[in-house]
Amino acid sequence: MIYYTHMENEPFHAAGQISGNDISNFRESGYLALPGVLSPSEVCESRQALTELVEAYAALSPSQRNDADLWLQFEPGFDPDTCHDREALELHVRKFMRFVDLKPALKRLVEPSHRLMQIVSQLIGPDPILFQDMALVKPPFIGSEKPWHQDNAYFSVAPLDSVCGVWIALDDATVDNGCMYVIPGWHKRGALGHHHGTDCEIAARKLPVEEAVPVPIAAGGAMFFYGMLPHQTPPNTSPARRRALQYHFRGANSRVLGGEEYDRLYADETGAPASCAAARARGV
Ligand SMILES: O=C(O)CCC(=O)C(=O)O
């Protein structure tokens with residue numbers, strides 16, 4: 001059953017049900033964008049939770065920050081230890097990681113009864129396992145690019161099609177403020193070699209970047225996508241914030257492999273290990 005939010009007239013997947021067509025589109029294109037996966041109040045609580053994490057971080061001394069459970073990454077060139085203004089601190093955060101045990105509002109979204117989990121279960125099977133939580137927040141004007149990559153380059157999970165990322169817009173994500181871009185269907189093309197440039201990335205010449213499509217999503221909507229789908233987000237060149245949560249799940253029967261086993265599985269068309277760890281080991 002699809003409800004409508006009173007705010008934006010966007011469908012709200014209150015019951016977490018998706019159609020057979022949605023599932024076929026996910027399998028064929030490698031992604032599925034849905035509006036209203038979070039309710040307006042969940043969007044508001046999630047934004048508030050991120051602000052509170054920055055407040056908690058601001059209260060720590062530099063040495064406490066190194067030891068804290070909470071992990072924040074800032075935009076290049078910004079030193080949080082020399083900034084004593086909380087708002088400026090928040091507007092330079094690029095990434096948060098490992099917050100589900102710190103913020104109940106962000107944990108509720110991945111409880112089995114939540115519509116988000118019900119959608120993931122319909123895509124990769126029942127009882128999906130959460131194995132990573134993060135927030136990617138592109139501040140106005142300075143939010144930097146995330147280059148092309150496959151998320152499986154960062155992981156070591158088998159089978160490769162058992163990984164599903166869920167990227168949730170907490171602000172309207174647009175072409176100007178850095179929405180997702182994907183290459184539909186390229187989750188079926190196998191592992192693509194990664195190297196370390198500005199980040200762990202796939203060289204653009206290995207991809208048909210002319211086939212890339214933007215996936216603008218209104219706040220509360222989410223993109224579900226395979227760990228094998230190449231994707232990228234451009235810099236935020238606008239005055240608008242672009243906050244997003246991202247959770248990664250693996251299927252109930254999936255396994256976490258050791259390095260050598262994963263190097264054999266996640267290998268490019270020549271058989272060369274393609275992951276970020278393999279690139280680091282080769283010094284590229
Ligand atoms: O939200 C973003 O800007 C990039 C997210 C992403 O692709 C990732 O962290 O793997």
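How many bridges join strand β10 to β13, and do the two strands run parallel or antiparallel? In this predicted model, strand β10, which covers residues 180-182, is joined to β13 by 3 bridges, and the two run antiparallel. One of the residues involved is Met 180 of β10, whose bridge partner in β13 is Val 215.

The two strands belong to an open sheet of 4 strands, in which the order is β7-β15-β10-β13 and the pairing is antiparallel. Strands β7 (146-149) and β13 (213-215) stand at the edges; each has a single partner strand, so one side of each is left without a neighbour in the sheet. On average, and with direction ignored, neighbouring strands of this sheet are turned by 25° against each other. In general, the strands of a sheet pair through backbone hydrogen bonds, and the pairing is either parallel or antiparallel.

A second set of pairings involves strand β14, residues 222-226. Of its 5 residues, 5 are buried, so the strand is largely enclosed by the rest of the structure. Both faces of β14 are covered: Ala 222, Phe 224 and Tyr 226 lie on one side, Met 223 and Phe 225 lie on the other, and all are buried. Strand β3 (residues 31-34) is joined to β14 by 4 bridges, and these strands run antiparallel. Strand β9 is joined to β14 by 5 bridges, again in an antiparallel arrangement. Met 223 of β14 appears in both pairings: Ala 33 stands opposite Met 223, and Trp 167 also stands opposite Met 223.

Trp 167 is also among the residues that surround the ligand. The others are Met 134, Leu 136, Lys 138, Lys 146, His 149, Asp 151, Met 180, His 231, Thr 233, Arg 242 and Gln 246. Met 180, described above as the bridge partner of Val 215, is thus listed here as well. Three side chains place a polar atom close to oxygen of the ligand. For Thr 233, a polar side-chain atom lies 2.7 Å from an oxygen atom of the ligand. For His 231, the corresponding distance is 3.0 Å. For Asp 151, an N or O atom of the side chain is 3.1 Å from an oxygen atom of the ligand. The ligand taken alone exposes 290 Å², and the protein buries 94% of that.

His 149, another residue around the ligand, is found in strand β7. Its relative accessibility is 4%, and His 149 therefore counts as buried, the limit being under 20%. The side chain of His 149 makes a polar contact of 2.9 Å with the side chain of Asp 151. Asp 151 therefore has a polar side-chain contact with His 149 as well as a side-chain atom 3.1 Å from a ligand oxygen.

Helix α2 spans residues 40-58. At 1.5 Å a residue, its 19 residues should span 27 Å, and the C-alpha atoms at its ends are 27 Å apart, which agrees. The buried residues of α2 are Glu 42, Val 43, Ser 46, Ala 49, Leu 50, Thr 51, Leu 53, Val 54 and Tyr 57.

Several loop residues have backbone geometry of interest. Most residues other than glycine have a negative phi, and most peptide bonds are trans. Phi of Arg 98 is near 60°, a positive value in a residue other than glycine. Arg 98 lies in the loop between β5 (93-97) and α5 (104-107), and at 47% relative accessibility it counts as partly exposed. Phe 141 also has a positive phi, near 70°. The place of Phe 141 is in the loop between β6 (129-138) and β7. With a relative accessibility of 58%, Phe 141 counts as exposed. A cis peptide bond joins Ala 158 and Pro 159, with omega about -5°. Pro 159 lies in the loop between β8 (157-158) and β9 (163-169).

A further loop residue, Ala 203, is found between β12 (200-201) and β13. Ala 203 is buried, with a relative accessible area of 13%. Its C-alpha atom is separated by 17 Å from that of Gly 271, and the two residues are 68 residues apart along the chain.

Definitions and conventions: Residues numbered from 1 in each chain as written. Predicted model: local features only at pLDDT ≥ 70, side-chain atom pairs only at ≥ 80, totals over all residues. Heavy atoms only, no water. Pairing = 2+ DSSP bridges. Axes fitted to C-alpha atoms, helices over the stretch in contact; angles between N-to-C directions. Expected span 1.5 Å × (residues − 1). Buried < 20%, exposed > 50% of the residue type's maximum accessible area, 1.4 Å probe, protein only. Near = heavy atom within 4 Å. Polar contact = N/O pair within 3.5 Å; in protein donor to acceptor, adjacent residues only side chain to side chain. Areas by Shrake-Rupley, 256 points an atom, 1.4 Å probe, with all protein chains shown as cover.
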